[in-house]
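This report covers metal coordination, backbone geometry and sheet architecture in one protein model. The sequence and structure come first.

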Amino acid sequence: MRVVFLGTGTSQGIPVIGNDHPVCHSTDTRDKRLRTSVYLETDELNLVIDTGPDFRQQMLSNNIQRVDAVLYTHEHSDHVAGFDDIRPFNFKQKTDMPMYGDIRVCNALRRSFPYAFETENKYPGAPGAILNEIENKPFSIGGLEVLPIEVMHMNLPVLGYRIKDFTYITDAKSIADQELEKIKGSKVLVLNALRKEIHYSHFNLEEALKIVEKTKPERAYFVHISHLLGFHKEVSRELPENVFLAYDGLNINV
Ligand SMILES: [Zn+2]
Ligand SMILES: [Zn+2]
């Protein structure tokens with residue numbers, strides 16, 4: 001499976017608008033972070049987890065030709081705001097886009113993008129999406145098995161996903177023991193790590209490292225990174241040898 005890190009930044013991205021922090025002025029391209037999302041190319045199909053506000057730019061800069069399904073983690077704008085830009089795939093693939101999320105997320109999409117879900121007199125150019133309401137139990141998309149993992153984003157339940165040996169979790173602040181069990185045995189774990197200071201709704205670096213210790217993946221990649229975490233190059237040097245800061249455009253094989 002090929003994994004492309006489409007974006008690795010927190011909700012504001014890096015650089016932050018109007019911000020004078022040194023990381024926002026870094027000339028290292030790895031310090032430029034679009035909003036967090038990944039693209040997965042499996043034997044069965046190609047999918048994207050979340051369509052944040054940078055979705056269009058991410059599809060273009062990574063030359064993504066086909067998306068067969070979208071998995072949603074939660075309804076925050078930095079994870080859904082690019083919803084409309086599935087339209088080129090609607091036109092090219094001549095089909096509505098299958099999307100997967102829990103009932104709360106599906107309802108939020110219906111509220112935020114009502115024109116996509118009109119049953120009568122739908123505007124012809126509107127996005128085409130088929131919402132599949134999932135629960136926290138295994139499901140399959142075209143023969144690809146997906147295992148949801150529920151994590152808590154302060155008090156908001158968010159779904160992470162395990163696909164084969166790859167587990168993707170973003171916007172977590174805590175993970176219950178029975179959900180941690182589902183991660184064990186993953187070769188690659190992607191996890192959010194916002195900054196060094198404690199935060200009310202995201203793991204900081206130390207908390208993310210503790211989850212890696214508990215679940216023991218072969219490799220871990222951190223995403224949803226704030227400028228406050230520091231320079232990519234400097235923070236990378238502080239990490240254990242199997243833990244990496246992801247960066248935009250990074251491709252890995254799992
Ligand atoms: Zn987020
Ligand atoms: Zn969020």
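The text below describes the metal sites, then the backbone, then the sheet. The model is a predicted one.

**Metal sites**

Two zinc ions are considered in turn. The zinc ion (ligand 1) is coordinated by Asp78 through OD, His79 through NE2, Asp171 through OD and His224 through NE2. For the zinc ion (ligand 2), the protein donors are His74 (NE2), His76 (ND1), His153 (NE2) and Asp171 (OD). The two zinc ions, ligand 1 and ligand 2, lie 3.4 Å apart, with Asp171 coordinating both.

| Site | Donor distances | Donor angles | Sequence spacing |
|---|---|---|---|
| zinc ion (ligand 1) | 2.1 to 2.2 Å | 93 to 160° | D-H-x91-D-x52-H |
| zinc ion (ligand 2) | 2.2 to 2.3 Å | 89 to 175° | H-x1-H-x76-H-x17-D |

Four donors count as tetrahedral if all angles lie between 85 and 135 degrees. The four donor atoms around the zinc ion (ligand 1) subtend angles of 93 to 160°, so the arrangement there is irregular. The site of the zinc ion (ligand 2), with angles of 89 to 175° among its four donor atoms, is irregular too. For reference, the ideal angle for four tetrahedral donors at a metal is 109.5 degrees.

Around the zinc ion (ligand 1), the donors span distant parts of the chain. Asp78 belongs to helix α2 (residues 77-80), whereas Asp171 sits in the loop between β10 (166-168) and α5 (177-183), 93 residues apart. Asp78 is buried because its relative accessible area is 9%, and Asp171 is buried at 1%. His224 is likewise a buried residue, with a relative accessible area of 1%.

Among the donors of the zinc ion (ligand 2), His74 counts as buried because its relative accessibility is 0%. His76, at 33% relative accessibility, counts as partly exposed.

**Backbone**

Most residues other than glycine have a negative phi, and most peptide bonds are trans. Several residues of this model depart from that pattern. The zinc donor His224 has a phi near 55°, a positive value in a residue other than glycine. His224 is placed in the loop between β12 (219-223) and α7 (232-237).

Lys94 also has a positive phi, near 55°. Its place is the loop between α3 (87-93) and β5 (97-101). Lys94 is exposed, with a relative accessible area of 72%, whereas His224 is buried.

Ile14 and Pro15 are joined by a cis peptide bond, with omega about 0°. Pro15 lies in the loop connecting β1 (2-7) and β2 (37-41).

**Sheet and helix packing**

Seven strands make up an open sheet with mixed pairing, in the order β6-β5-β4-β3-β2-β1-β14. Its edge strands, each pairing on one side only, are β6 (129-133) and β14 (251-253). From one strand to the next the twist averages 20°.

At one end of that order, β1 and β14 pair in the antiparallel sense over three bridges. Val3 has Ile252 of β14 as its bridge partner. Helix α4 (residues 103-112) lies across β5 and β6, running at about 155° to β6.

**Cysteines**

The structure holds zero disulfides. Cys24 is buried, with a relative accessible area of 6%. Cys106 is buried as well, at 1%.

Terms used. Residues numbered from 1 in each chain as written. Chains lettered and ligands numbered in written order. Predicted model: local features only at pLDDT ≥ 70, side-chain atom pairs only at ≥ 80, totals over all residues. Heavy atoms only, no water. Donors = N, O, S within 2.8 Å, 3.2 Å for Na, K, Ca; no water. Tetrahedral: all angles 85-135°; square planar, octahedral: opposite > 155°, others 65-115°. Buried < 20%, exposed > 50% of the residue type's maximum accessible area, 1.4 Å probe, protein only. Helix = DSSP H or I, 4+ residues; strand = E, 2+ residues; numbered from the N terminus. Pairing = 2+ DSSP bridges. Axes fitted to C-alpha atoms, helices over the stretch in contact; angles between N-to-C directions. Contact = heavy atoms within 4.5 Å. Disulfide = S-S within 2.5 Å.
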